[in-house]
Amino acid sequence: MIYIQALWDLLYHPVHAALKNEQELARMKGSGSDTVKALASVADDVLNGTVTVGEAQWRDRIESLRTRMERSNEILSIADYGAQSPLKQLSAQTMYAGRVVTRSVREVCRSSSKPLKWSMFLFRLVRRLKPESLLELGTCLGISGAYIGAAMSMNGFGSLVTIEGAETLAAKAQTNFDTLGFRNIETVVGRFQDRLDAVLQKTGRLDAVLIDGHHDGAATLRYFETILPALAPGAVVVFDDIGWSMEMHEAWKMLRAHHSVGCSIDMFDMGICCIGGSVRETYRIAI
Ligand SMILES: C[S@@+](CC[C@H](N)C(=O)[O-])C[C@H]1O[C@@H](n2cnc3c(N)ncnc32)[C@H](O)[C@@H]1O
C-alpha cells in the first residue's frame with residue numbers, strides 16, 4: 001500500500017501540478033486585464049527559456065559579475081535592519097536599531113541575491129510592461145537592480161531608484177552598476193523607514209515597485225501604504241519572499257485583498273499586485 005501511495009505521489013503530483021499551472025496560465029491569458037495577459041507571457045517566456053541574442057548578452061554580463069562575487073572572500077561589515085529570521089519576532093524598534101554583521105561578499109551573494117530564474121522574470125517583466133519609473137526596496141549587491149537596468153537599457157528608457165540600508169552593500173552595488181554602464185539607476189543609502197518619503201517626493205509617479213527587503217509583515221504593509229499614493233493606475237508592485245514567514249504570508253493575504261489592488265498573482269516565492277483596474281482576479285502560478 002505504501003509503495004502504491006509513493007508511486008501515486010511520484011507520478012500524479014508533478015503531472016497534476018504541471019496541468020494546474022497550464023490551466024492558471026491559460027486563465028491569465030484570457031484575463032480582462034492587459035497587465036495580467038502580459039505577465040502570463042512573461043511567465044511563459046521564463047518557463048520556455050525564451051531570450052533574444054541581445055537579452056542573452058546582458059544576462060551573460062550580469063551572471064559573470066555574479067560569478068565573480070560568488071568567488072569573492074572580501075569581508076564586509078553590514079548594517080542589518082531586517083527581520084533576520086522567520087523564527088525571531090523582533091520588535092519594530094529592534095529592527096530599526098539594527099545590528100552589524102560581518103559577511104563575505106560570497107556569502108551575501110549566495111544567500112541574498114535573486115537567483116537567475118527570478119532575475120530573468122524581473123528582466124522580462126520590465127521588458128514587457130515597459131515601466132518608466134521604478135523603485136526597489138533592498139538593493140543588496142545590485143543583482144536584481146542590474147537585471148532591471150539591463151531591461152531599461154534595452155527598452156531605451158526608464159529609471160530606477162533603489163534603497164539599501166547597508167552602506168557597504170550599496171557601495172558594491174553602485175560599483176556593479178557603474179561597471180555595467182548604467183546611468184539610470186540611483187542608489188540611496190539608508191533605512192527604508194527613513195528614506196522612503198524623500199525618495200517618493202523625488203520620483204513622483206511610479207509604474208513598478210519591487211519590495212525585496214526587511215521581511216517583516218507589518219513593515220511590508222506600511223511600505224505599501226506609503227508608496228500607494230505614488231503608484232500610477234495599472235502599476236505593478238512585486239513583493240518578494242511572501243512565504244518567508246507566517247507574518248509575511250498574512251501580509252500577502254491582506255495585500256491581495258486591499259481595495260486598491262485589482263488582480264494579483266501568487267507565485268509562491270513572489271507575489272504581484274496590479275493597482276486599480278475594473279477587473280479583480282487572483283491567480284497562482286509557478287515558474
Ligand atoms: C534580499 S536582499 C535584496 C536582494 C536584491 N534585491 C537582489 O535580488 O539582488 C534585502 C536587502 O534589503 C536590505 N534591508 C533590509 N531591511 C532594510 C531596511 N529596513 N532598510 C534598508 N535596507 C534594508 C538588506 O540590507 C538587504 O541588502
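**Exercise 1. Find the residue in β6 that is the bridge partner of Glu136.**

Step 1. Glu136 has Leu210 as its bridge partner in β6. Helices (H or I, at least four residues) and strands (E, at least two) are DSSP runs, numbered from the N terminus.

Step 2. Now look at the strands themselves: strand β3 (residues 133-137) pairs with β6 in the parallel sense, over 4 bridges. Two strands count as paired if DSSP finds at least two bridges between them.

A word on the model before you go on. It is a predicted model, in which local features need pLDDT of at least 70, side-chain atom pairs count only at pLDDT 80 or more, and totals for chains, interfaces and linings use all residues. Residues are numbered from 1 along each chain as its sequence is written.

**Exercise 2. Work out which strand β6 joins through 5 parallel bridges, and how β6 sits in the fold.**

Step 1. The strand is β7 (residues 231-240), which runs parallel to β6. One pair to look for is Ile211 with Phe239, its bridge partner in β7.

Step 2. Add helix α10 (residues 217-227): β6, α10 and β7 make a right-handed β-α-β unit. Right-handed means that, with the strands pointing away from the viewer, the path from the first strand over the helix to the second runs clockwise.

Step 3. Check the cover: β6 spans residues 206-211, and 6 of its 6 residues are buried. A residue is buried if 20 or more other C-beta atoms lie within 10 Å of its own, exposed if 12 or fewer, and partly exposed in between, with C-beta atoms placed from the backbone.

**Exercise 3. Explain why β9 is described as largely enclosed.**

Step 1. Count the buried residues: they are 6 of 6 in β9, so the rest of the structure largely encloses this strand.

Step 2. Compare its faces. Met270, Ile272 and Cys274 are buried on one side, and Gly271, Cys273 and Ile275 are buried on the other.

Step 3. Identify its partners. β7 pairs with β9 in the antiparallel sense over 5 bridges, with Met270 in β9 as the bridge partner of Asp240. β8 and β9 also run antiparallel, joined by 5 bridges, and here Asp266 has Gly271 as its bridge partner.

**Exercise 4. Decide whether Phe268 is buried or exposed, and describe its backbone.**

Step 1. Phe268 counts as exposed, because it has 11 C-beta neighbours inside 10 Å.

Step 2. Place the residue: β8 and β9 form a hairpin with 2 residues between them, and Phe268 in the turn has a positive phi of about 70°.

Step 3. Put that angle in context. Most residues other than glycine have a negative phi.

Step 4. Try another case. Lys130 lies in the loop between α6 (116-129) and β3, and its phi is near 50°, a positive value in a residue other than glycine. Lys130 is partly exposed, because 16 other C-beta atoms lie within 10 Å.

**Exercise 5. State how many residues surround the ligand, and sort them.**

Step 1. The shell has 21 residues, and the closest are Lys114, Gly138, Ser144, Gly165 and Gly213. The elements giving two or more residues to this shell are α7 (143-155) and β4 (159-164). A residue is near a molecule if its C-beta atom, placed from the backbone, lies within 6 Å of it.

Step 2. Sort the shell: 8 residues are nonpolar, 8 polar and 5 charged. Here Ala, Val, Leu, Ile, Met, Phe, Trp, Tyr, Cys and Pro count as nonpolar, Asp, Glu, Lys and Arg as charged, and the others, Gly among them, as polar.
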